[in-house]
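Please consider the following model and the account of its architecture. The discussion moves from the chain as a whole to helix packing and then to individual residues.

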Amino acid sequence: MKQSTKPEQAKHRSKIGGQALIEGVMMKGVHTGAMACRLPDGTIDVETWEEHNGKDMPWYRKCPLVRGSFNFVFSMRDGYRCLMKSAEKQMPDDEEDETEEMSKFEQWLNDKLGEKLFGIIMSVAMVIGVVFAVFTFIFLPKFLISLLIDHTAIPDDSRFVRSLLEGIIKIVIFLGYMILTGCMKDIRRTYEYHGAEHKTIACFEAGEPLTVENVKKHCRFHPRCGTSFIFITLIVSILVMCLVPLTVVWQRVIVSILLLPFVVGISYEFIRIAGRSNSWLTRALSFPGLQIQRITTREPDADQIECAIAALKPCIPENLEEDEW
């Protein structure tokens, strides 16, 4: 069966979005969210929960420019929660591990924190991840370019050149990270589930029945992908930082962090426009992000597509007008 390599013209532009998990897919609709995971025994486990992504959303999730940061944070929170759940589902029950004698320190932690322990560990891991991201994508590029300017003939007060070079380093780091992680077997499978998520949403938007054969023929690239969003955010940050006259590294770092909600807000609005428009301008601006999806998505197999379909179906509202992007 011939598979499309270009995003199709959608008959129905849906609000439903998703995320690849460990051996599964998460989808979020207007009223319902769902995650479907392939368990070690081969069955598909589906969890659903209530969502509030319709007209009943609070004002800060609907106000242009403001909503981008809040929706991004909520999406990251929910995505991280589902990712951890999907990882837990892949752990086989091992009675020997359960009966293994704990050390005194482990016993103390268990007595003091109990079920809260896992949540605390995950929260600490998230904080470490945020710190690492700030260091890698905000501090490090500015520090390296500052060193470069100090040892070359590049004018120290050239805001455009400084911001452009910082942006190039961010993009190189981002692409390098995606390429290197894609070489790992487990991450590659996650990228395949990412492709299944996109193809399933594309099939739904095309108005076709959600079957494995129908999903297979659709494109694995989608303009509303989180990968495209991150790339657009990097580009917008270059343009915004061109307006900042500061040259001291720590000052530029602080300003970058303070401007981050504004940058995310602009990027989010562009993704919304790209999701509902098929004009030559939006296609041209979306093109780089779509090409990066060649790295972050892979062609899925039938089992992975079945998971994506199982996650999407509960999220489809009875009234499709509520789901119109």
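The paragraphs below take up the overall composition, two helix pairs, and several single residues.

The model is a predicted one. Its chain contains 11 helices and 4 strands. Of the 325 residues in the chain, 42% are buried. Among contacts with a sequence separation of 6 or more, 70% join residues that lie 24 or more positions apart.

The first helix pair to examine is α5 with α8. Helix α5 spans residues 159-182, and helix α8 spans residues 226-241. Their axes approach to within 8 Å and cross at roughly 165°. Because an angle over 145 degrees counts as roughly antiparallel, α5 is placed in that class relative to α8. The crossing of the two helices is right-handed. On the α5 side, the contact is formed by Ser163, Leu164, Gly167, Lys170, Ile171 and Phe174. On the α8 side, the participants are Thr227, Ile230, Phe231, Leu234, Ile235, Ser237, Ile238 and Met241. Sorted by class, the contact of α5 with α8 comprises 9 nonpolar, 4 polar and 1 charged residues.

Helix α5 also holds glutamate 166. Is this glutamate buried or exposed? Glutamate 166 has a relative accessible area of 2% and is therefore buried, since the buried class takes in values under 20%. Beyond its neighbours within four places in sequence, glutamate 166 is in contact with Pro141, Lys142, Ile145 and Arg252. A further spatial relation links glutamate 166 to isoleucine 138: the two are 28 residues apart in sequence, and their C-alpha atoms are 8.7 Å apart.

The second helix pair is α6 with α11. Helix α6 covers residues 185-205 and helix α11 covers residues 302-312. They pack at an angle of about 55°, with axes 8 Å apart, and are therefore oblique to each other. The crossing of α6 and α11 is right-handed. Which residues make this contact? Helix α6 contributes Arg189, Glu192, Tyr193, Ala196, Glu197, Thr200, Ile201 and Phe204, which meet Gln304, Ile305, Cys307, Ala308, Ile309 and Leu312 of α11. By class, the contact of α6 with α11 has 9 nonpolar, 2 polar and 3 charged residues.

Two loop residues merit attention for their backbone conformation. Glutamate 23 lies in the loop between β1 (17-21) and β2 (24-28). Its phi is near 55°, a positive value in a residue other than glycine. With a relative accessible area of 18%, glutamate 23 is buried. Leucine 65 occupies the loop between β4 (44-50) and α1 (67-89). The phi of leucine 65 is near 75°, again positive in a residue other than glycine. Leucine 65 has a relative accessible area of 44% and is partly exposed, because values between the buried limit of 20% and the exposed limit of 50% fall into that class.

The cysteines conclude the account. A disulfide is a covalent bond between the sulfur atoms of two cysteines. How many disulfides does a search of the whole structure find? The search returns 0 disulfides. Cysteine 63 has a relative accessibility of 29% and counts as partly exposed, whereas cysteine 183, with a relative accessible area of 65%, is exposed.

Technical notes. Residues are numbered from 1 along each chain as its sequence is written. This is a predicted model: local features need pLDDT of at least 70, side-chain atom pairs count only at pLDDT 80 or more; totals for chains, interfaces and linings use all residues. Side-chain values use heavy atoms; hydrogens and water are left out. A disulfide is a pair of cysteine sulfur atoms within 2.5 Å. Buried means under 20% relative accessible area, exposed over 50%, partly exposed in between (1.4 Å probe, protein chains only). Axes are lines fitted to C-alpha atoms, for helices over the stretch in contact, and angles run from 0 to 180 degrees between N-to-C directions. Angles under 35 degrees count as roughly parallel, over 145 as roughly antiparallel, 65 to 115 as roughly perpendicular and the rest as oblique. A crossing is left-handed if the near helix is turned anticlockwise from the far one by less than a right angle, and right-handed if clockwise. Contact means heavy atoms within 4.5 Å. Ala, Val, Leu, Ile, Met, Phe, Trp, Tyr, Cys and Pro count as nonpolar, Asp, Glu, Lys and Arg as charged, and the others, Gly among them, as polar.
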